[in-house]
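This report looks at charged side-chain pairs. The sequence and structure come first.

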Amino acid sequence: MAKLHIQISGLDELYKKLELTKEEVNARKKAALDAGAKIVGYEADRLAPRPGSIKTKIDAEEAIIGFDKDKWYWRFFELGASPHEIEGDPLVFEGDAGLVITNKVNHPGMAARPFLRPALESQKDLVIRVMSEVIREALK
């Protein structure tokens with residue numbers, strides 16, 4: 001899965017000073033990460049090659065935002081690809097004029113059309129505000 005990581009650091013020390021348990025710390029960090037990840041995930045899904053496919057995974061330490069293994073080729077949308085040769089024994093695919101059977105093709109490459117990084121970049125200020133508010137509310 002291609003991933004964007006959002007991490008919160010420094011909260012363990014703050015919560016220790018407030019005499020909270022590890023479970024309470026993890027629950028509050030997870031709530032803040034979940035709030036931030038939903039914002040980035042929504043925007044990434046809107047920008048993705050096929051909306052409705054972005055997944056998020058949250059634990060107490062990080063939020064992972066990306067796409068499933070079956071969408072492995074989406075990394076080429078995010079990062080682009082240089083021209084390259086593809087070999088197979090044989091390669092079989094649908095071409096413009098019908099079924100193509102060959103042993104190799106020259107792929108022209110593709111320009112990057114990122115969606116994960118722009119989602120994070122465009123939403124980072126909102127994510128920070130929302131995550132901060134979740135943590136502030138938890139401390140009241």
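How far apart in helix H2 are Asp 34 and Lys 38? They sit four residues apart in helix H2 (residues 22-47), so about one helical turn separates them. The model is predicted. In it, the side chains of Asp 34 and Lys 38 form a salt bridge, with N to O at 3.3 Å. Side chains of opposite charge can pair when their charged atoms come close.

The two partners are not equally open to solvent-sized probes by class: Asp 34 is partly exposed, at 27% relative accessible area, whereas Lys 38 is exposed, at 55%.

The whole structure holds six salt bridges. Three of them, including the helix H2 pair, are listed here.

| Salt bridge | N to O distance |
|---|---|
| Asp 34 and Lys 38 | 3.3 Å |
| Asp 70 and Lys 71 | 3.8 Å |
| Glu 85 and Lys 104 | 4.0 Å |

Lys 71 pairs with Asp 70, and their closest N and O atoms are 3.8 Å apart. Lys 71 counts as buried, because its relative accessibility is 16% and the cut-off for buried is under 20%.

Which strands does the pair Glu 85 and Lys 104 tie together? The side chains of Glu 85 and Lys 104 meet at 4.0 Å, N to O. Glu 85 belongs to strand S4 (residues 84-95) and Lys 104 to strand S5 (residues 98-107), so the salt bridge links parts that lie 19 residues apart in sequence. Glu 85 is partly exposed, with 41% relative accessibility.

Conventions. Residues numbered from 1 in each chain as written. Predicted model: local features only at pLDDT ≥ 70, side-chain atom pairs only at ≥ 80, totals over all residues. Heavy atoms only, no water. Helix = DSSP H or I, 4+ residues; strand = E, 2+ residues; numbered from the N terminus. Buried < 20%, exposed > 50% of the residue type's maximum accessible area, 1.4 Å probe, protein only.
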